[in-house]
Amino acid sequence: MRIILFGPPGAGKGTQAKRLVELYGIPQLSTGDMLREQIKLQTPLGLQVDAVMKSGGLVSDDIVVAMINERTSREDCHKGFILDGFPRTIPQGRALNAMLEARGEAIDVVVGIDCPDDVIRERTVNRRSCSSCGAIYHLTSMRPTVDDTCDRCGHVGLTHRDDDQLDAVNKRLGKFHNETAPLRTLYGQILQTVDGTQSPDEVTAAIQVVLESVRRQQRLKGLAGLASPYAGEGYGAGHGLAAAGGSIKASVAAAGASWADDSASTVTDDDDDSADGDSADDDDEEIIELPKRSPALLKGVGA
Ligand code: AMP
């Protein structure tokens, strides 16, 4: 499955992408991480983009499009990928559509993680990350077990990114509203939003509900022999998600059902397993296997 995680800086895209990598076994493609790696290695590209990134500006479309074109054509992206931080402008979105279309591929779903600006500011000024493995922490809500030490790789000395300083965050929020948010029009019906102010576990569970719903819709479209999901410039017609740009509100039962027990899964997009004869077990031909979720992920999902 080819997934875009869409939302403002600090909405939790990076945290969620890493969880989805674990759950679904498809890679996270973070343009921010790729660019930071270039800076760390002091490559010509890194030196070129360092200042604009620190200030909270956007790197040029040509650079990030070339990076994603190369990265998505690698073998490990064959079964899908999770885009985190790309596309960020309308030209990037168009370039992505064109590069995938040329390969006979398409984005399956855009998961919007909604989060108000004041929550973003609070999160980013308290965010710390591991420069060694990329793990993300928060000084109040997601502290490492040992102060200033990465739980995942043991690296000592967590980093507060330059672009997570308040001035840079305000600039990045401005860029998001002016240049990234308009992408919503490009993705039409394949954009599904979740409430990013919930706990990370709750957001993960809500995203899993969205992905299950998309998979079910694709299976139905496949059975009906419908064509490409592309509809002119924007996405929408072939995907069949009920609500354009809609928000899926999942109940705890809906979130857990198809993996946690054998009852039917329902979401509020008129999706009805009992009606379509779908079950969690008849997914042999699917692109990815959806794993069973732990009960921890099901707590208080978007009710
Ligand atoms: P992120 O880690 O996604 O918040 O990205 C950090 C910074 O990298 C951004 O503030 C931009 O300066 C740059 N960057 C990452 N992705 C893109 C992109 N798709 N287009 C332009 N600049 C980007």
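Start by selecting Gln92, which sits in helix α5. The model is a predicted one. Gln92 has a relative accessible area of 3%, so this residue counts as buried. Show what surrounds the side chain: beyond the neighbours within four places in sequence, Gln92 is in contact with Asp61, Val64, Val65, Phe86 and Pro87.

**Along helix α5**

Extend the selection to residues 90-102, the whole of α5. The helix has 13 residues, and at 1.5 Å a residue these should span 18 Å; the end C-alpha atoms are 18 Å apart, so expectation and model agree. Which residues of α5 are buried? They are Gln92, Gly93, Leu96, Asn97, Met99 and Leu100. In an α-helix there are 3.6 residues a turn, so residues three or four places apart point the same way. Past the helix, select Gly104, which follows α5 and has a positive phi near 75 degrees.

**Before the helix**

Go back to Pro87, one of the contacts of Gln92. Pro87 lies in the loop between β3 (81-84) and α5. Display the backbone here: the peptide bond from Phe86 to Pro87 is cis, and its omega is near 0 degrees. Phe86 is also in contact with Gln92.

**The sheet**

Now colour the strands. What is the strand order of the open sheet? The 5 strands run β2-β3-β1-β4-β7, and the pairing is parallel. At the edges are β2 (28-30) and β7 (191-195), each pairing on one side only. From one strand to the next, the twist averages 25 degrees.

For a view of one pair, select β1 (residues 2-6) and β4 (residues 109-114), which are joined in the parallel sense over 4 bridges. Within this pair, Phe6 stands opposite Gly112 in β4.

**The nonpolar cores**

Hide the backbone and show buried nonpolar side chains. The largest nonpolar core has 29 residues, and Leu83, Leu96 and Ile107 have the most contacts inside it. At least two residues of this core come from each of β1, α2, α3, α4 (61-72), β3, α5 and α8 (183-187). Which element gives the largest share of this core? Helix α4 does, with 5 residues. A second core, separate from that one, has 23 residues, including Ala11, Tyr24, Ile113 and Ile207. Leu96, already met in the list of buried residues of α5, is worth labelling in the largest core.

**Two loops with positive phi**

Select Gln42, in the loop between α2 (31-40) and α3 (44-55). Gln42 is not a glycine, yet its phi is positive, about 55 degrees. Is Gln42 buried or exposed? Its relative accessibility is 59%, so Gln42 counts as exposed.

Next select Asp148, found in the loop between β6 (136-138) and α7 (166-180). Asp148 is likewise not a glycine and has a positive phi of about 60 degrees. With 41% relative accessibility, Asp148 counts as partly exposed.

**Cysteines**

Finish with Cys77 and Cys115. Cys77 is buried at a relative accessible area of 3%, and Cys115 is buried at 11%. How many disulfides does the structure hold? The count is 0. A disulfide would be a covalent bond between the sulfur atoms of two cysteines.

Definitions and conventions. Residues are numbered from 1 along each chain as its sequence is written. This is a predicted model: local features need pLDDT of at least 70, side-chain atom pairs count only at pLDDT 80 or more; totals for chains, interfaces and linings use all residues. Side-chain values use heavy atoms; hydrogens and water are left out. The expected span of a helix is 1.5 Å times one less than its number of residues. Buried means under 20% relative accessible area, exposed over 50%, partly exposed in between (1.4 Å probe, protein chains only). Contact means heavy atoms within 4.5 Å. Two strands pair if DSSP finds at least two bridges between them. Axes are lines fitted to C-alpha atoms, for helices over the stretch in contact, and angles run from 0 to 180 degrees between N-to-C directions. A nonpolar core is a set of buried Ala, Val, Leu, Ile, Met, Phe, Trp, Tyr and Cys residues joined through side-chain atoms within 4.5 Å. A disulfide is a pair of cysteine sulfur atoms within 2.5 Å.
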